[in-house]
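User: Please take a close look at one small part of this model for me. I'd like to hear where it sits, what it touches and how its surroundings are put together.

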Amino acid sequence: MNLRCCIIVLFILFAMVTGTRAQVVDAPNPAAVVTDSKGETTELAFGDEYSGEAPLTVKFFANATEQEGFSLVCSWEFMKEGEVYPFLTRYDADVEYEISESGTFIVQPKIVYTSLENPDIVWEFGAADFEPFRIIVAESKIDVPNAFSP
């Protein structure tokens with residue numbers, strides 16, 4: 001037998017032994033909406049960068065649809081640029097976070113589908129699939145006129 005036939009036979013045997021069939025889930029499309037202190041909003045797709053002044057409110061959306069026969073878990077890791085570990089991880093499909101300090105924030109979505117019939121069947125969408133959101137926050141500037149003049 002040639003290699004192609006061996007691969008097909010192995011796949012069929014695997015499917016027969018595990019009782020599963022190949023299933024595909026829809027790829028999620030994470031997005032975010034940034035609202036600045038003036039109430040102006042900016043929409044971001046994964047991998048986008050935003051620069052603004054604190055405070056900012058950022059709403060993140062996994063845009064992942066429930067798939068029949070699969071459980072769905074969404075997580076968001078919040079890191080400051082240069083840090084190795086996240087300072088916050090949230091486990092919701094939609095997350096809102098207020099940024100009130102300056103710095104560069106990296107937000108990495110991770111969406112995991114796990115088969116309800118066979119937990120060994122997992123579809124994971126994360127860093128390999130999505131570039132993180134990058135939020136650059138400058139310190140707020142307050143211009144106060146000099147009321148005292150010589």
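Analyst: Happy to! Let's start with S102, which is found in the loop between strand 7 and strand 8; helices (H or I, at least four residues) and strands (E, at least two) are DSSP runs, numbered from the N terminus. Please keep in mind that this is a predicted model, in which local features need pLDDT of at least 70, side-chain atom pairs count only at pLDDT 80 or more, and totals for chains, interfaces and linings use all residues. Residues are numbered from 1 along each chain as its sequence is written, and side-chain values use heavy atoms, with hydrogens and water left out.

S102 has a relative accessible area of 29%, so the residue counts as partly exposed. The cut-offs are under 20% relative accessible area for buried, over 50% for exposed, and partly exposed in between (1.4 Å probe, protein chains only). What does S102 touch, leaving aside its neighbours within four places in sequence? Its partners are K80, V137, A138 and E139, where a contact means heavy atoms within 4.5 Å. One of these partners is far along the chain: S102 and E139 are 37 residues apart, yet their C-alpha atoms are separated by 5.2 Å.

K80 also takes part in a salt bridge with E101, the closest N and O atoms being 2.9 Å apart. Since E101 lies in the loop between strand 7 and strand 8 (103-115) and K80 in strand 5 (residues 70-80), this pair ties together parts that are 21 residues apart in sequence. By salt bridge I mean a side-chain nitrogen of Lys or Arg within 4 Å of a carboxyl oxygen of Asp or Glu. Both ends are partly exposed, E101 at 44% relative accessibility and K80 at 25%.

Stepping back into strand 7, we meet an alternating pattern of side chains. V95, Y97 and I99 point to one face and are buried, while D94, E96 and E98 point to the other and are not. E96, on that second face, forms a salt bridge with K59, with 3.9 Å between the closest N and O atoms. K59 lies in strand 4 (residues 56-61) and E96 in strand 7 (residues 94-99), so the bridge ties together parts 37 residues apart in sequence. K59 is partly exposed at 37% relative accessible area, and so is E96 at 46%.

The backbones of these two strands are joined as well: strand 4 and strand 7 run antiparallel, with six bridges between them. Two strands count as paired if DSSP finds at least two bridges between them. Within this pairing, L56 has I99 of strand 7 as its bridge partner.

Strand 4 has another neighbour in strand 1, paired in the antiparallel sense over five bridges, and there V34 stands opposite V58. Strand 1 (residues 31-35) alternates too: A32 and V34 point to one face and are buried, whereas A31, V33 and T35 point to the other and are not. Strand 1 also pairs with strand 2 (residues 41-45), again antiparallel and over five bridges, and V33 has E43 as its bridge partner. These two strands form a hairpin with five residues between them, and G39 in the turn has a positive phi of about 90 degrees.

On the other side of the loop that holds S102 comes strand 8, which contains S115. At 9% relative accessibility, S115 counts as buried. Leaving aside neighbours within four places in sequence, S115 is in contact with G69, F70 and I121.

Now for the whole chain. A search of the structure finds five salt bridges. Another of them joins the side chains of R134 and E49 at 2.9 Å, N to O. That pair links R134 in strand 10 (residues 133-138) with E49 in strand 3 (residues 49-53), 85 residues apart. E49, E81 and R134 are linked in a network of salt bridges.

The chain has one helix and 10 strands, and the helix comes at the start of the pattern. Of the 150 residues, 28% count as buried. Among contacts with a separation of 6 or more, 64% are between residues 24 or more positions apart.
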